[in-house]
Amino acid sequence: MSDQVLNSFTPTVEKEAEKADRKFRYGIIGTGWIAEAHALVLKEMEDVEVVAMADLIPGKAERFAKRYGFDLSKVHFYPSHKEMIDNEQLDGVSVCTYNATHAECTIYALKHGVNVLLEKPFTVTTEEAIEVCKAEKESGKLLTIGFQPRMDRNMQEIKRIVEAGELGKVYYIRIGGGRRRGIPNSTFIEKRTAGIGALGDIGCYALDMVLNAIGYPKPLTVTGYKSAFFGPNPKYNNPTDAKRFNVDDFAAGFIRLDGDIVVDFITSWASHINTPGDTIILGTEGALRIPSTECWNGSVGGQMTLYKDVAGLQTEIKLPLLPELPKGLFYEKVRSFIDACRHNLPAPVPSSQILYNQAIIDGIVKSSELGREIAIEIPEI
Ligand SMILES: NC(=O)c1ccc[n+]([C@@H]2O[C@H](COP(=O)([O-])OP(=O)(O)OC[C@H]3O[C@@H](n4cnc5c(N)ncnc54)[C@H](O)[C@@H]3O)[C@@H](O)[C@H]2O)c1
């Protein structure tokens with residue numbers, strides 16, 4: 001190696017070593033509902049100091065810090081992500097804003113040299129997600145997407161079963177889960193803030209459960225449908241929220257993936273059926289049934305069943321339900337982000353995977369609006 005190359009590496013090594021010896025300087029962008037979960041676990045981490053918080057609503061970040069017992073003399077408050085990033089030396093931020101500002105906050109942070117833990121869903125549109133991925137690549141910073149069910153050992157078990165070849169070649173997946181009645185409120189129900197409804201809130205979790213298990217093949221085409229028969233109807237939603245409601249509360253899609261795999265998808269904040277059913281994965285050597293939930297947290301809903309022929313006998317194996325991690329999924333989600341930044345590890349939930357998740361969600365929206373199947377085009381980044 002030439003001296004010039006050696007010298008160009010030295011400062012980075014020193015910088016990383018210095019970083020490991022001091023606290024990780026953290027900022028929270030958006031101090032609404034989900035920021036609470038970030039704040040509570042960050043407070044437990046001795047090697048992290050939350051030094052900055054930002055929110056568009058005047059006084060909201062200050063009230064938030066007070067409520068969760070932060071030392072107000074040690075936290076700086078800002079009226080938006082821009083002022084915060086321009087004025088602080090941060091190692092990482094949680095982007096906890098509503099979906100519509102995910103892309104702009106994340107791109108700004110990455111471009112200014114700050115690592116990002118971005119709440120789910122990735123963005124509202126595929127185009128935004130592509131711009132975020134480009135900013136990530138150009139910046140060399142770390143971006144992870146906040147899918148805490150990834151930390152669930154039962155979710156990880158699904159991936160291990162597929163990777164161990166227990167199912168053979170996977171060819172069909174039906175994604176179940178969703179709610180008979182469970183429409184959220186706040187900023188979730190308006191296009192201006194959320195962009196998308198049930199699709200972005202719980203549909204992204206349901207997709208991630210199975211796509212992660214099968215290695216996130218590229219989506220090729222989608223036929224999508226979305227509707228909103230419950231959210232805007234005062235018979236099924238409180239009248240004030242019904243008036244504001246202008247996103248989807250139900251969606252379905254049929255998606256072709258690379259490798260000749262099809263995915264039959266449904267998600268619902270509200271309908272007249274008790275449940276849209278379990279998630280099933282069919283393969284040439286076995287099948288897996290994953291009890292679905294109402295998708296409040298996107299994880300496995302109960303004991304999974306593995307179906308296989310054993311020496312000619314059609315057999316059902318009930319898999320043990322693995323216990324929750326002691327500190328909870330949210331702790332692990334934030335911790336894995338910080339550890340990845342500190343030790344130069346890969347992103348725990350990489351944007352390159354969730355870009356495909358987003359392309360399916362956005363594909364369902366676009367196909368539904370066009371009333372026909374569409375091809376999913378994702379450029380190399
Ligand atoms: N992982 C989970 O389990 C989980 C659960 C709930 C919500 N979420 C996600 O978290 C995100 C936030 O949801 P929420 O319920 O906390 O929303 P919220 O509306 O309660 O809070 C969002 C806050 O972000 C602020 N904000 C928006 N743009 C900003 C900007 N540019 N700079 C600074 N502040 C800005 C808003 O003023 C608001 O106070 C959503 O994307 C949602 O999908 C994740």
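Which strands does helix H2 (residues 35-43) lie across, and at about what angle to S1 does the helix run? In this predicted model, helix H2 lies across S1, S2 and strand S4 (92-95), and its direction is at about 165° to that of S1. The helix and these strands offer a convenient way into the structure.

The strands that H2 lies across belong to an open sheet of 6 strands, whose order is S3-S2-S1-S4-S5-S6 and whose pairing is parallel. At the edges of this sheet stand strand S3 (76-78) and strand S6 (143-146), each of which pairs on one side only, and from one strand to the next the twist averages 25°. Strands of a sheet pair through backbone hydrogen bonds, either parallel or antiparallel. Within this sheet, strand S1 (residues 24-29) and strand S2 (residues 48-54) run parallel and are joined by 6 bridges, and Arg 25 can be found opposite Glu 49 in S2.

Returning to H2, one may ask which of its residues are buried. They are Ala 35, Ala 37, His 38, Ala 39 and Leu 42, and the elements that cover them include S1, S2 and S4 as well as helix H3 (60-67) and H11. An α-helix has 3.6 residues a turn, so residues three or four places apart point the same way.

Seen as a whole, the protein chain is divided into two parts, each made of two segments: domain 1 covers 3-148 + 331-350, while domain 2 covers 150-322 + 358-375. The C-alpha centres of domain 1 and domain 2 lie 28 Å apart, and where the domains meet, 18 residues of domain 1 are in contact with 17 residues of domain 2. On the side of domain 1 that touches domain 2, helix H6 (126-139) and helix H11 (329-342) are the elements that give two or more residues, and by class this side has 10 nonpolar, 5 polar and 3 charged residues. H11 has thus appeared twice, since this helix is also among the elements covering the buried residues of H2.

Further along the chain, a pair of helices can be followed. Two packed helices are described by the angle between their axes and the distance between the axes. For helix H7 (residues 153-163) and helix H9 (residues 198-213), the axes come within 8 Å and cross at roughly 35°, and the crossing is right-handed. In this contact Met 155, Ile 158, Lys 159 and Val 162 of H7 meet Met 209, Asn 212 and Ala 213 of H9, a set of residues that divides into 5 nonpolar, 1 polar and 1 charged.

Antiparallel pairing is found among other strands of the chain. Strand S8 (residues 219-227) is joined by 8 bridges to strand S9 (residues 250-257), the two running antiparallel, and Thr 223 has Phe 254 in S9 as its bridge partner. S8 also pairs in the antiparallel sense with strand S15 (residues 374-375), over 2 bridges, and here Val 222 stands opposite Ile 374.

A further series of strands begins with a hairpin formed by S11 and S12, which have 3 residues between them. Strand S11 (residues 279-283) and strand S12 (residues 287-290) run antiparallel and are joined by 4 bridges, with Ile 281 opposite Leu 288 in S12. S12 is in turn joined by 3 bridges to strand S13 (residues 305-310), again in an antiparallel arrangement, and in this pairing Ala 287 stands opposite Tyr 307 in S13.

Terms used: Residues numbered from 1 in each chain as written. Predicted model: local features only at pLDDT ≥ 70, side-chain atom pairs only at ≥ 80, totals over all residues. Axes fitted to C-alpha atoms, helices over the stretch in contact; angles between N-to-C directions. Left-handed = near helix turned anticlockwise from the far one by under 90°. Contact = placed C-beta atoms within 7 Å. Nonpolar A, V, L, I, M, F, W, Y, C, P; charged D, E, K, R; others polar. Pairing = 2+ DSSP bridges. Domains from an automatic or database assignment. Buried ≥ 20, exposed ≤ 12 C-beta atoms within 10 Å, placed from the backbone.
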